[in-house]
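Visitor: I am new to reading protein models. Could you show me one and explain the terms as we go?

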Amino acid sequence: PLTYTALRGRTVEDVRVLGNTQVSTAIILNVVRTKVGDKFDPATVEEDYQRIYQLKKFANVEAKAEPTTTGGVVVTFIVTEQKQIREIRFRGNTKIDTLTLIKTIDIAEGEAIDPFRLSLARQAIVSLYQSRNFPYANVEFERDRLTSAGDLVFVITEGPNVRVRKVDFVGNNSYSDDRLKDQVQTKYWIWIFRPGTFDRETLDDDVAALRRFYESKGFFDVKVGRKVTESPDQTEVRVTFMIDEGPRYTVERVTIRGNKALSEQELLSK
């Protein structure tokens with residue numbers, strides 16, 4: 001069979017769409033730039049494929065180009081439709097309004113039900129809640145209802161609004177708490193001035209940052225951990241970084257080997 005490259009320059013005699021039942025052919029062809037009468041260009045067909053897929057209404061899109069007996073080309077776009085989202089609703093959100101949640105997700109009514117994009121939308125909502133001090137927020141959606149009726153219902157469990165009440169350090173014999181607080185992102189809550197955001201991923205970054213700080217000072221065997229203590233109502237936490245400094249390594253001697261043209265004293269002076 002002839003390749004796309006071999007068909008380049010032939011006249012496009014027809015542009016067809018197959019596999020669509022919910023989305024009209026007119027809507028699809030409206031984003032296609034390959035037109036009847038044009039010279040066939042594989043690059044344009046590839047861009048057309050991407051534009052059709054970006055309509056967010058299909059699970060798959062394929063493009064075919066076939067030669068005709070008259071020396072032309074017929075271009076066919078084959079689409080695989082997915083069930084579309086009929087309605088988007090949220091249940092359980094009391095601390096964040098629905099309009100804000102709608103703006104957070106990259107999904108709209110009328111688009112295809114795409115599991116990957118649904119997962120991204122769910123995570124986007126969770127991230128929004130975490131940024132507003134709801135670290136235990138959980139988001140799911142009713143899969144059966146989505147499959148049967150196309151209704152996308154996000155079920156939100158907000159959990160408590162949590163603030164970091166205190167940040168302290170244990171085992172830091174060489175550096176003060178104030179010096180170490182400059183190394184971590186987790187900060188305790190100060191009314192109006194500081195939100196006291198509690199984020200477990202940030203805590204992991206803080207542990208790594210403390211370890212790097214100590215290693216930069218010669219504590220190569222340092223061990224750093226962290227402990228989170230929750231208040232009875234889970235609205236406040238105390239974060240404790242536990243440090244085992246270990247020995248501090250120092251430079252005992254600097255020597256130079258292989259120097260013939262310059263003396264060791266000249267090189268060490270540099």
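Guide: What follows is a tour of this predicted model, one term at a time.

Visitor: What makes up the secondary structure of the chain?

Guide: The chain has 9 helices and 9 strands.

Visitor: How do you know whether the chain is a compact globule?

Guide: Set two values side by side. A compact globule of 270 residues would have a radius of gyration near 18 Å. The chain has 31 Å. The value does not fit the compact globule. The spans of the C-alpha trace along its principal axes are about 85 × 70 × 30 Å.

Visitor: How much of the chain counts as buried?

Guide: Buried means under 20% relative accessible area. By that cut-off, 34% of the 270 residues are buried.

Visitor: What share of the contacts links residues 24 or more positions apart?

Guide: The share is 61%, taken from contacts with a separation of 6 or more.

Visitor: Why are E1 and E2 called edge strands?

Guide: Start with the sheet. Its 3 strands come in the order E1-E3-E2, and the sheet is open, with mixed pairing. Strand E1 (12-18) and strand E2 (58-67) each pair on one side only, so they are the edge strands by the rule that pairing takes at least two bridges. From one strand to the next, the twist averages 15 degrees.

Visitor: How do you know that E1 and E3 pair?

Guide: Count the bridges. Pairing needs at least two. E1 and strand E3 (residues 73-81) have 6, in the parallel sense. Here Arg-16 stands opposite Thr-76 in E3.

Visitor: Which helix lies across E2 and E3?

Guide: That is helix H3 (residues 42-53). H3 runs at about 155 degrees to E2.

Visitor: Why does the span of H5 agree with a helix of 17 residues?

Guide: Helix H5 covers residues 115-131. At 1.5 Å a residue, H5 should span 24 Å. The end C-alpha atoms of H5 are 24 Å apart, so the two values agree.

Visitor: What sits at the two ends of H5?

Guide: Asp-114 caps the N-terminal end. A side-chain oxygen of Asp-114 lies 3.0 Å from the backbone nitrogen of Phe-116. A polar contact must be within 3.5 Å, so this distance passes the cut-off. After H5 comes Asn-133, with a positive phi near 70 degrees.

Visitor: Which residues of H5 are buried, and what covers them?

Guide: The buried ones include Leu-118, Ala-121, Ile-125 and Leu-128. Among the elements that cover them are strand E4 (87-91), helix H4 (98-104) and helix H6 (143-149).

Visitor: What makes the two faces of E4 opposites?

Guide: One face is covered and holds Ile-88 and Phe-90. The other is uncovered and holds Glu-87, Arg-89 and Arg-91. E4 also pairs with E6 in the parallel sense, over 5 bridges. Ile-88 stands opposite Leu-152 in E6.

Visitor: Why do E7 and E8 stand at the edges of their sheet?

Guide: This open sheet has 3 strands in the order E7-E9-E8, with mixed pairing. Strand E7 (163-170) and strand E8 (223-230) each have a single partner strand, so one side of each is left without a neighbour in the sheet. Neighbouring strands here are turned by 20 degrees against each other on average, direction ignored.

Visitor: How many bridges join E7 to E9?

Guide: There are 7, and E7 and strand E9 (residues 236-244) run parallel. Val-164 stands opposite Val-237 in E9. Helix H8 (residues 200-216) lies across E7, E8 and E9. H8 runs at about 150 degrees to E8.

Technical notes: Residues numbered from 1 in each chain as written. Predicted model: local features only at pLDDT ≥ 70, side-chain atom pairs only at ≥ 80, totals over all residues. Heavy atoms only, no water. Helix = DSSP H or I, 4+ residues; strand = E, 2+ residues; numbered from the N terminus. Axes fitted to C-alpha atoms, helices over the stretch in contact; angles between N-to-C directions. Contact = heavy atoms within 4.5 Å. Expected span 1.5 Å × (residues − 1). Buried < 20%, exposed > 50% of the residue type's maximum accessible area, 1.4 Å probe, protein only. Polar contact = N/O pair within 3.5 Å; in protein donor to acceptor, adjacent residues only side chain to side chain. Rg over C-alpha atoms; globule rule 2.2 N^0.38 Å.
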